[in-house]
Amino acid sequence: MAKLSLDLLVQARMLAWREPRRPKDANLRRSVSASYYALFHFLIEECTLLTIGTAHNRVRLRQFAGRAFVHGKMKAVCEEFVKTTPRDLLEPFWQSLHVPSIPDVRILAENFIALQQQRHAADYNLSRRFKRHEANRAVDLAQEAFDAWRRLKRRHTELALLFALALMLWPGLGGR
Amino acid sequence: MTTVVIPDTKGLAELVQPSQLAEQGFTAPRRVSVIFGVDHTGEEAYHVYLVFPDQTPDSALAWNNVKDMVRWVQERIWKADGEQRWPYVRIKRESEIAGEPGESQLRRDRLVASPTVIQSHAQVNRHKNPGRSARPPSEPS
């Protein structure tokens, strides 16, 4: 199954190591950005597969639903999912699904938030230089989040579905 | 009249100083700074810097080697702040703080970093690497 997200992560790794010595700032910045977008598109792909279905004839519906994901709202969802006490809308799920005790949702959420901030700095903050260890870390954060999601989907399907729905629907639900 | 509550960043910083990190078994940075500001979305946030000496190799700063410490610091500040403002925890070397949010505060923090902190850093690393001679980090300028 061809995945933009996986290719972006490969691209991020390549860019981080394109110059074995004296890496170019441009390549390290693009690497950090690619790591974030790898996770961003990974979550869209996975969440639409989970909510819309995996049938091939639903690919257009998944692409349509994928347009509902908003960077800032996704960050807000991630912040909710690392709270011990969420807003009232999510409170019943915290009790039934034991959300605070599931480390994989925390890893996924924390890594997304960190990567979004780093992507913003990579694309817009020209007053700082990036280092290779930072680009490498961004790749590792994205990969770790991929792995955390896969475990979450396997071991805590209901929670994965809740997370997917929250990411997709937060533009409408976030104000409640 | 609107009351503005200024977060106690000094109090938060005291929760995650190198000595506390060493107690948790982490390879402690030279110094830790907690700076209140806003993030890329304009929301209030903390910028937390775990600052290592310039001679720290990339391998020591790799995610696998620092992630437990980063998560511990993040959680400690998140909980202490009542889960309100996200703590962005960054791993940096001294020479890498240019252009970061709160740079001027970071530079002031470097100047006031006490010899005790620097000495405890050297002691921690000597304990963790008994076969290597401990080189104290360079003095702050």
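Start where chain B meets chain A: eight salt bridges cross this interface. Keep in mind as you look around that this is a predicted model.

For one of these bridges, select Glu134(A) and Lys92(B), whose side chains meet with an N to O distance of 2.6 Å. Then widen the view to polar contacts, where 18 residue pairs, both partners at pLDDT 80 or more, link chain B and chain A.

Next, colour the chain B side of the contact by element. Two elements of chain B, α3 (63-80) and β3 (86-93), each give two or more residues to the side touching chain A. The largest share, eight residues, comes from α3(B). Recolour that side by class and you will find 13 charged residues, eight nonpolar and four polar.

Now show the whole contact: 25 residues from chain A and 25 residues from chain B. About 2300 Å² is buried between the two chains, with carbon and sulfur atoms giving 47% of that area. On the chain B side, pick out His40(B), Trp63(B) and Trp86(B), which lose the most area to chain A and together make up 28% of what that side buries.

From here, move to the largest nonpolar core, which has 80 residues. Select Phe81(A), Phe163(A), Leu50(B) and Val73(B), the members that touch the most others. Helix α2 (residues 25-52) of chain A gives the most to this core, eleven residues.

Zoom in on Leu50(B). Beyond neighbours within four places in sequence, its contacts include Leu21(B), Pro29(B), Met69(B), Val73(B) and Lys92(B).

Last stop: a second, separate core of five residues, among them Ile35(B), Tyr49(B), Val51(B) and Ile97(B).

Conventions
Residues are numbered from 1 along each chain as its sequence is written. Chains are lettered from A and ligands numbered from 1 in the order in which they are written. This is a predicted model: local features need pLDDT of at least 70, side-chain atom pairs count only at pLDDT 80 or more; totals for chains, interfaces and linings use all residues. Side-chain values use heavy atoms; hydrogens and water are left out. Contact means heavy atoms within 4.5 Å. Buried area is the accessible area (1.4 Å probe) that two parts lose on being put together, summed over both. A salt bridge is a side-chain nitrogen of Lys or Arg within 4 Å of a carboxyl oxygen of Asp or Glu. A polar contact is a pair of N or O atoms within 3.5 Å; within protein, one must be able to donate a hydrogen and the other to accept it, and residues adjacent in sequence count only if both atoms are side-chain atoms. Helices (H or I, at least four residues) and strands (E, at least two) are DSSP runs, numbered from the N terminus. Ala, Val, Leu, Ile, Met, Phe, Trp, Tyr, Cys and Pro count as nonpolar, Asp, Glu, Lys and Arg as charged, and the others, Gly among them, as polar. A nonpolar core is a set of buried Ala, Val, Leu, Ile, Met, Phe, Trp, Tyr and Cys residues joined through side-chain atoms within 4.5 Å. Buried means under 20% relative accessible area, exposed over 50%, partly exposed in between (1.4 Å probe, protein chains only).
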